[in-house]
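Biologist: I'd like to go through this one with you and hear the reasons behind the labels. Can you put it up?

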Amino acid sequence: MPHQPITVSGVEVTPLCDAVGPMGAAIRRPLAEMFPGSGLRDEPWVLHFHCYLLRTAAGRLTLVDTGIGGADSPASSWAPVPGTLAGELAAVGVAPAEIDTVVLTHLHSDHASGVVTDGRPAFENARHVLQQAELDAAQGPALDRLVTPIKGQLHVVEGQAEIAPGVHVHLAPGHTPGHQIVRAGDVAMTGDLVLHPVQLEDPGVRYLYDDDQEAAARTRAEVLGALRAEGAILATAHFSEPFLRL
Ligand SMILES: [Zn+2]
Ligand SMILES: [Zn+2]
């Protein structure tokens, strides 16, 4: 079921819960290895996989991230596929063809695999917003199975851009080269800027699967510092509670 929505600056933000589960054995490590230096004890780590639906007052629909995809998705080696994004959208009365804009925070398989259904674009009428640096770095299954089928629908941006009225993207690199976050009013949808709450206490705690751990830590500290200064609401991909006021 979708989590409770909130409305900020006239934009309704609904967290869609694509899946809940632990990482599969292919990439699971003890938490102290996933987050070196964190001091975390080795407990099971159960992730939520959140996408966010934004609805402006004029009814324009933006989807932030597309989840883990179907049973055959590139995420199937490690994530609890199939994702339930289509059902989550249906639960809030939205058909995939009604989505105007899809934002991909980055091309990892648990954020981007839902762009296709059976190899065809899942959101046939949507432009898909991606940072140039993320597109440039795309390779392997992310390129062949996710980007190529939506090539004609890509809207490539660099840095900051307004992608719908009152909805902005900002480049926040490190986790991946072209990782971006999304702002709507007070809410910041931060993709994989922060993976675990321990990184809120200490943004310097590294994450094993950040592409560039140094850059990711630097970006995390900068962005969290700025969000905290304005008292923003963090909307994370993987925490169990989707919203957190900083
Ligand atoms: Zn959830
Ligand atoms: Zn990621």
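Modeller: Here we talk through the metal sites, the pockets and a few backbone details.

Modeller: This is a predicted model, where local features need pLDDT of at least 70, side-chain atom pairs count only at pLDDT 80 or more, and totals for chains, interfaces and linings use all residues. Residues are numbered from 1 along each chain as its sequence is written, chains are lettered from A and ligands numbered from 1 in the order written, and side-chain values use heavy atoms, with hydrogens and water left out.

Biologist: What makes His 3, Cys 17, His 48 and His 50 donors of the zinc ion (ligand 1)?

Modeller: A donor is an N, O or S atom within 2.8 Å of the metal (3.2 Å for Na, K and Ca), and with water not among the atoms, sites may look incomplete. His 3 (NE2), Cys 17 (SG), His 48 (ND1) and His 50 (NE2) lie 2.1 to 2.2 Å from the zinc ion (ligand 1), so they qualify.

Biologist: Why is the arrangement around the zinc ion (ligand 1) called tetrahedral?

Modeller: Four donors are tetrahedral if all angles lie between 85 and 135 degrees; four are square planar and six octahedral if opposite donors are over 155 degrees apart and all others between 65 and 115; anything else is irregular. The 4 donor atoms of the zinc ion (ligand 1) subtend 96 to 121°, so tetrahedral it is. Two of those donors link distant parts of the chain: Cys 17 sits in strand β2 (residues 11-22) and His 48 in strand β3 (residues 46-55), 31 residues apart. Strands here are DSSP runs (E, at least two residues), helices are H or I runs of at least four, and both are numbered from the N terminus.

Biologist: How do you know that Cys 17 is buried?

Modeller: Buried means under 20% relative accessible area, exposed over 50%, partly exposed in between (1.4 Å probe, protein chains only). Cys 17 has 9%, so it counts as buried, and His 48 is buried too, at 13%.

Biologist: And why is the site of the zinc ion (ligand 2) called irregular?

Modeller: Its donors are His 106 (NE2), His 108 (ND1), His 175 (NE2) and Asp 192 (OD), at 2.1 to 2.2 Å. The angles among those 4 donor atoms run from 90 to 166°. The upper end is past the tetrahedral limit of 135, and the site is classed as irregular. His 106 is in the loop between β5 (101-103) and α3 (109-112), and His 175 in the loop between β11 (167-171) and β12 (180-184), so the pair ties together parts 69 residues apart in sequence. His 106 is buried at 0%, and His 175 at 4%.

Biologist: What makes Ser 9 exposed?

Modeller: Its relative accessible area is 65%, so Ser 9 clears the 50% mark. Ser 9 is in the loop between β1 (6-8) and β2, with phi near 50°, a positive value in a residue other than glycine. Asp 118 also has phi near 50°, and at 73% Asp 118 is exposed. Most residues other than glycine have a negative phi, and most peptide bonds are trans.

Biologist: Which peptide bond is cis?

Modeller: The one from Val 81 to Pro 82, with omega near -5°. Pro 82 lies in the loop between β4 (61-64) and α2.
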